[in-house]
Amino acid sequence: MATKQCEPLLIAEDSDEDFEVLQLLMQQMEVQNPIYRCTNGDKVLDFLYQEGDYGNQDSLPRPSVILLDLNLPGTDGRDVLEQLKQDRNLREIPIVVFTTSSNPKDIEFCYQKGANGYLIKPVDSNELEKTVQAFVEYWLEVNIPPISNSAQ
């Protein structure tokens, strides 16, 4: 299945194994969107603000959606979510939380802070594939993201 849009996807995932599985599933689904990965919350913020390791790169693409793990080393995913949704230049980027946490307090917190979706990582591989497929179909194929400030 090919995607209609080829806008970048930013995945914040510290687990190499989880990222490799996501990448493999998206390859099988023929996702054409460029995929960028940050392994901790600080790198997500550096990527979006073009600071730190990303400070010398001329123009990093603005992701059309961020798939955010909550339990990231360094700046936690909850803090990343809160900070990005308070930033007037970045708050329009949809953030979909992708986590092992099914804690109702995490779910409520994330939606209160502006998360656009909350997906629980299934343990079962078939369920994981269905969840990733649903993410790809909605967020990468059907959903129309806001026009970025840089594109205006």
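In this predicted model, G114 adopts a positive phi of about 110 degrees at a position just after helix α4. Helix α4 itself covers residues 104-112. At its start, a side-chain oxygen of N103 comes to within 2.7 Å of the backbone nitrogen of K105.

The helix belongs to a wider arrangement: β4, α4 and β5 together make a β-α-β unit, and this unit is right-handed. Its two strands, β4 (residues 95-99) and β5 (residues 117-120), pair with each other in the parallel sense over four bridges. Two residue pairs illustrate how β4 and β5 are aligned.

| Residue | Partner in β5 |
|---|---|
| V96 | G117, standing opposite |
| T99 | I120, the bridge partner |

Strands of a sheet pair through backbone hydrogen bonds, in either a parallel or an antiparallel manner. Here, five strands form an open sheet with parallel pairing, and their order is β2-β1-β3-β4-β5. The edges are taken by β2 (35-38) and β5, each of which pairs on one side only. On average, neighbouring strands of this sheet are turned by 20 degrees against each other, with direction ignored.

A further feature is the packing of two helices. Such a pair is described by the angle between the helix axes and by the distance between those axes. Helix α1 (residues 16-28) packs against helix α5 (residues 125-142) at an angle of about 65 degrees, and their axes lie 10 Å apart. The crossing in which α1 passes α5 is right-handed. On the α1 side, the contact is made by V21, L22, L25 and M26; α5 contributes L128, E129, V132, F135 and V136. Classified by residue type, the contact of α1 with α5 comprises eight nonpolar residues and one charged residue, with no polar residues.

Technical notes
Residues numbered from 1 in each chain as written. Predicted model: local features only at pLDDT ≥ 70, side-chain atom pairs only at ≥ 80, totals over all residues. Heavy atoms only, no water. Polar contact = N/O pair within 3.5 Å; in protein donor to acceptor, adjacent residues only side chain to side chain. Pairing = 2+ DSSP bridges. Right-handed = clockwise from strand over helix to strand, strands pointing away. Axes fitted to C-alpha atoms, helices over the stretch in contact; angles between N-to-C directions. Left-handed = near helix turned anticlockwise from the far one by under 90°. Contact = heavy atoms within 4.5 Å. Nonpolar A, V, L, I, M, F, W, Y, C, P; charged D, E, K, R; others polar.
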